[in-house]
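Here are some short exercises on side-chain contacts and strand pairing, each with a worked solution. Have a look at the structure, try each task yourself, and then compare your steps with ours.

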Amino acid sequence: MTALLLGALGLTLSLLAPKLLATARWTDRAPVAGVLLWQSLTLTAVLCALGVVLAAPEEASRAAGARHPETVAALLFSLAVAATIVIRLIVSLVKVTSRARARRDRHRMLVDLLDRVERHDGLSGGEVRILEAPLPLAYCVPGRDPRVVLSDGVLKVLDRPQVDAVLAHERAHLRHKHELVMESFTAFYQAVPGPLRDKAPLDAVHLLLEMVADDAARRRAGSGPLRAALERLTDAVPLAEEVTADPEGESRRRRLARLEGPVASSVALTVAGTAAAAGLLVLPTVILVVPWLARALDAWPFQ
Amino acid sequence: MARNDLEREVMAKLWDAGEALTVRQVFELLNRDRDLAYTTVMTVLDRLAKKGLVIQRKDDRAYRYAPAQTREEMTAGVMLDALSATPDRDAALAYFVGRLSPEALTAAIEKARNIER
């Protein structure tokens, strides 16, 4: 029974729930809770898979009521499957983080060399690097020794308050270590066997993290400059021909839309979403513990 | 002076020169503004060559150094690397306006360059 319940929960969480969460729009008003929900959803699905693998043969053998060599073999096999799942996830995480670190190290070295110091012109912060390129581009290189990179196209297209809003946005990514969240989802994505892979969670989490950084930047620099910066940088990067097919266009629209109103985030939704994320994580435990408690209580009077 | 700053300045001199320079030439260009040891400049050039950023070739009696790529080429390469993140290439960097496909980015760089002219 436990295995069946866990299996049903695991399938729901890995097939149905991601579809619902990826298309949900309430998360735009509670991006932090949205990210937490994605994390707990993914982790719970993994725990369910492990639970099924471990509980099924144990339950089957108890139903058979005998210690046949077959049941021992089945138990060993299920342990091996569970170990494979765990090892695969860990290996994937190590691979993703080490490759990302190597790429960032090289990238940091190159932007340091290409930096046009003389164009900093009073920009705050020693981690800012300016590339000589007309294409407006702003991004950060996370890590222990982070960088915020702007092309001088950005300085041409945006005024100072807008540049400050962009810097505040990138620094929010760095301060909140958003790269760790993205790395863990990337690692999970790559650990899943090819045909079952789904990019939707990655894209959804990426967009939610942008929204979290937007909220931080708006608190520091005001929503006006941030919105203007987002609009101008979007216009300046020519994407016209593919905007229809490009989900990126849709994410920009959503980011701009939530910067229009007075307040983008809803406290109630954040609290509810966070509670749901915590609850979800506890579910497999409850499913495992409750039947065990029931059995234990049944046995109680006969002792 | 930080090691990174010195490497950056040496690269800037090489890019501005437009031709391969000897250690002596780089040393003299840098020392217009400050006092550096000749061997320091030599070490920096050697390090840049080891990283593959500078090409070293023997010319008559002296070694000459030239950037492996122009500043524009290297900048375009860096921007391509920054923007072309896909799940298969890891989430290494974070961006303000989102991700582009490499083709779209190359087109964008090209277009921005044409506008500039």
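**Exercise 1. How many aromatic pairs does a search of the whole structure find, over all chains?**

Step 1. Start with the criterion: rings of Phe, Tyr and Trp (its six-membered ring) pair if their centres lie within 6.5 Å, and planes under 30 degrees apart count as stacked, over 60 as edge-to-face and the rest as tilted.
Step 2. Searching the whole structure with this rule gives one aromatic pair over all chains.
Step 3. That pair is F27(B) with Y38(B), and its geometry is edge-to-face, with 5.5 Å from centre to centre and 75° between the planes. A pair of aromatic rings is described by exactly these two kinds of quantity, the distance of the centres and the angle of the planes.
Step 4. Now place the rings: F27(B) belongs to helix α2 (residues 23-30) of chain B and Y38(B) to helix α3 of chain B, so the pair ties together parts that are 11 residues apart in sequence. Helices (H or I, at least four residues) and strands (E, at least two) are DSSP runs, numbered from the N terminus.
Step 5. For the surroundings, buried means under 20% relative accessible area, exposed over 50%, and partly exposed in between (1.4 Å probe, protein chains only). F27(B) counts as buried because its relative accessibility is 14%, while Y38(B), at 29%, is partly exposed.

A note on conventions before you go on: this is a predicted model, in which local features need pLDDT of at least 70 and side-chain atom pairs count only at pLDDT 80 or more, while totals for chains, interfaces and linings use all residues. Residues are numbered from 1 along each chain as its sequence is written, chains are lettered from A and ligands numbered from 1 in the order in which they are written, and side-chain values use heavy atoms, with hydrogens and water left out.

**Exercise 2. Find the charged ends that sit over rings.**

Step 1. The test asks for NZ of Lys or CZ of Arg within 6 Å of the ring centre and within 35 degrees of the ring normal.
Step 2. In chain A, R197(A) lies over the face of Y189(A), 5.3 Å from the ring centre.
Step 3. In chain B, the charged end of K58(B) is over the ring of Y63(B), at 4.9 Å from its centre.

**Exercise 3. Which residue forms a salt bridge with E127(A), and which with E7(B)?**

Step 1. A salt bridge is a side-chain nitrogen of Lys or Arg within 4 Å of a carboxyl oxygen of Asp or Glu. The structure holds 20 of them over all chains.
Step 2. E127(A) bridges to R171(A), with the closest N and O atoms 2.8 Å apart. This pair links distant parts of the chain, 44 residues apart: E127(A) is in the loop between α3 (69-114) and β1 (128-131) of chain A, and R171(A) is in helix α5 (residues 160-175) of chain A. E127(A) counts as buried because its relative accessibility is 19%.
Step 3. E7(B) bridges to K51(B), the closest N and O atoms being 3.0 Å apart. K51(B) lies in the loop between α3 (38-50) and β2 (54-59) of chain B and E7(B) in helix α1 of chain B, so the two tie together parts that are 44 residues apart in sequence. E7(B) is buried at 2% relative accessibility, whereas K51(B) is partly exposed at 29%.
Step 4. Another bridge joins R8(B) and D5(B) (3.0 Å, N to O). These residues are three apart in helix α1 (residues 3-17) of chain B, so about one helical turn separates them.
Step 5. Finally, D112(A), R129(A), D145(A) and R147(A) are linked in a network of salt bridges.

**Exercise 4. Is strand β3 of chain A mostly covered or uncovered, and what pairs with this strand?**

Step 1. Strand β3 (residues 147-151) of chain A is mostly covered, with five of its five residues buried.
Step 2. In a regular strand the side chains alternate between the two faces of the sheet. Here R147(A), V149(A) and S151(A) point one way from β3(A), and V148(A) and L150(A) the other.
Step 3. Two strands pair if DSSP finds at least two bridges between them. β1(A) and β3(A) run parallel and are joined by four bridges, with V128(A) partnered by V148(A).
Step 4. Strand β2 (residues 138-141) of chain A pairs with β3(A) in the antiparallel sense over four bridges, and A138(A) has L150(A) as its partner.
Step 5. β2(A) and β3(A) form a hairpin with five residues between them, and G143(A) in the turn has a positive phi of about 135°.
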